Amino acid sequence: MKKTLIVAAVAASFATAASAQSSVTLYGLVDAGFTFVNNVQAPRSADNYKTNSWSMQSGNVQMSRWGLRGAEDLGGGMKAIFTLENGFNVANGNGVDSRMFSRQAYVGLSTQAGTVTLGRQTDAVADYLGPLSATGSWGGTYFAHPDDLDNLDGNAFRVNNSVKFVSANYAGLSFAGAYAFSNGAGSFADNRAYSLGAGYANGPFKVGAAYTQANGFNANNNGAITENVVAANAFSPVQDTARLRTFGAGGSFSAGAMTFGLLWTQTREDNNSIESYSSIVNNYEVNGRYALTPALSLGAAYTFTNAKTNFAGDTGRARFHQFGLQTDYALSKRTDIYAEGVVQIASSQDKEVYPFAGINGAPGGPSSSSRQVLVTTGIRHRF
């Protein structure tokens with residue numbers, strides 16, 4: 001009897017050790033709610049007709065997703081890691097696109113010096129500047145800058161075929177770099193991308209800077225970036241041979257229950273074969289969030305966007321003012337309810353080129369005028 005108990009105890013100890021060396025975690029987030037948008041364009045004969053949109057939407061603040069995250073201890077401070085993550089629409093159960101893992105799919109090694117991963121991943125702008133913005137932290141989808149060209153929340157596009165290094169944290173300092181292959185035979189430079197970023201955190205202060213460049217944006221189906229960026233405001237890239245460059249810097253400061261942030265990004269598009277189109281888009285954002293109680297918080301953000309374009313020799317200029325407010329109440333550590341509103345006002349020197357406002361991700365699309373208002377409320381659950 002004693003021998004049996006000893007054998008059982010030894011077997012249990014080995015099983016415990018084995019499970020501690022390797023783990024796989026199922027995780028996810030489900031976000032759904034109701035959204036109202038005014039001034040939505042609707043076709044009526046030859047002219048755009050103004051109407052309103054009322055709808056149930058998935059991912060009003062964060063895209064609904066599920067994923068698997070795993071790690072295996074290889075000894076000597078080294079681990080094998082992987083992440084597989086897919087986005088979906090909780091309103092109808094559909095995936096966001098045809099990919100099995102649309103958001104992330106990578107495998108790599110983690111050491112005391114840093115982590116190297118290979119696969120479909122976020123870029124340095126989303127990693128280092130996103131957390132300093134409203135859209136990449138608490139505000140979510142509708143708080144993105146016009147057309148989301150700077151990709152601060154990482155949802156406009158992810159980078160395929162990428163090799164990425166993220167350093168360890170050295171007294172608050174971290175840095176990262178990535179290169180994504182075009183995977184095109186005889187066209188090494190077509191649809192490739194690379195990015196660099198760094199951040200520093202010391203107590204209540206955080207700062208970050210990053211740069212991402214995509215050559216031949218969406219030039220082939222197997223390249224670094226294959227998403228189509230939706231053109232709501234007439235200065236999105238044309239997806240053929242364009243070069244897209246985004247860089248920026250920002251910082252945040254926390255004092256008690258208040259967090260305050262400042263951010264600047266610039267996105268440039270050129271090398272476009274269609275009509276020699278090019279653009280420079282600057283975004284200037286200020287945001288803040290205040291926790292009234294441990295469960296209730298209020299957030300606000302303002303972004304000024306200045307866009308300059310050159311289209312077949314004709315220059316244009318557009319400006320956008322975007323205001324956003326959000327309140328969020330935590331029912332538990334994993335479940336919260338929210339309400340938010342976003343207002344965007346557009347103006348330009350050429351009404352024919354820039355006639356519309358367009359809140360990022362707004363159901364129904366851009367406005368039929370220079371103004372648009374969106375209001376949404378919903379529930380979010382994490383598991």
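These are my notebook entries on one protein chain, taken from a predicted model.

**Ground rules.** I number residues from 1 along each chain as its sequence is written. Since the model is predicted, local features need pLDDT of at least 70, side-chain atom pairs count only at pLDDT 80 or more, and totals for chains, interfaces and linings use all residues, while side-chain values use heavy atoms and leave out hydrogens and water.

**Overview.** I looked up the secondary structure and got two helices and 17 strands; these are DSSP runs numbered from the N terminus, helices being H or I with at least four residues and strands E with at least two. The chain has 383 residues, and 45% of them count as buried. Buried is under 20% relative accessible area, exposed is over 50%, and partly exposed is in between (1.4 Å probe, protein chains only). For the accessible surface I noted about 18300 Å², with 61% of that belonging to carbon and sulfur atoms; the areas come from the Shrake-Rupley method with a 1.4 Å probe, and for residues only the protein chains shown count as cover. I also checked contacts (heavy atoms within 4.5 Å). Among those with a separation of 6 or more, 61% join residues 24 or more positions apart.

**Cores.** Which residues make up the largest nonpolar core? I listed 11: Val37, Val40, Ala134, Trp138, Tyr142, Phe143, Ala301, Val342, Ile359, Ala362 and Leu374. A nonpolar core here is a set of buried Ala, Val, Leu, Ile, Met, Phe, Trp, Tyr and Cys residues joined through side-chain atoms within 4.5 Å. There is a second, separate core of 10 residues, including Ala156, Val159, Ala193 and Ala214.

I picked Ala301 from the first list; it sits in strand β14 and is buried, at 12% relative accessibility. Its C-alpha atom is 8.4 Å from that of Gly139, though the two are 162 residues apart along the chain. Skipping residues up to four places away in sequence, Ala301 touches several others, among them Ala134, Trp138, Phe143 and Phe323.

**Aromatic rings.** My search of the whole structure turned up 11 aromatic pairs. Rings of Phe, Tyr and Trp (its six-membered ring) pair if their centres lie within 6.5 Å; planes under 30 degrees apart are stacked, over 60 edge-to-face, and the rest tilted. Phe36 and Trp54 have ring centres 4.5 Å apart and planes at 50°, so I logged the pair as tilted. Phe36 is in strand β1 (residues 22–44) and Trp54 in strand β2 (residues 47–58), 18 residues apart. Is Trp54 buried or exposed? Exposed, because its relative accessibility is 69%.

Tyr302 and Phe323 are another tilted pair, with centres 5.0 Å apart and planes at 35°. The pair ties strand β14 (residues 296–311) to strand β15 (residues 314–330), across 21 residues in sequence. Both rings' residues came out partly exposed: Tyr302 at 24% and Phe323 at 41%.

I also noted that Tyr179, Phe181 and Tyr194 form one aromatic cluster.

**A loop residue.** Where is Ser182 found? In the loop between β8 (173–180) and β9 (192–202). Ser182 counts as buried because its relative accessibility is 2%. Its side chain reaches the backbone oxygen of Asp190 at 3.3 Å. That is a polar contact (N or O atoms within 3.5 Å; within protein, one able to donate a hydrogen and the other to accept it, with residues adjacent in sequence counting only if both atoms are side-chain atoms). Beyond four places in sequence, Ser182 also touches Asn161, Asn220 and Gly223, among others.
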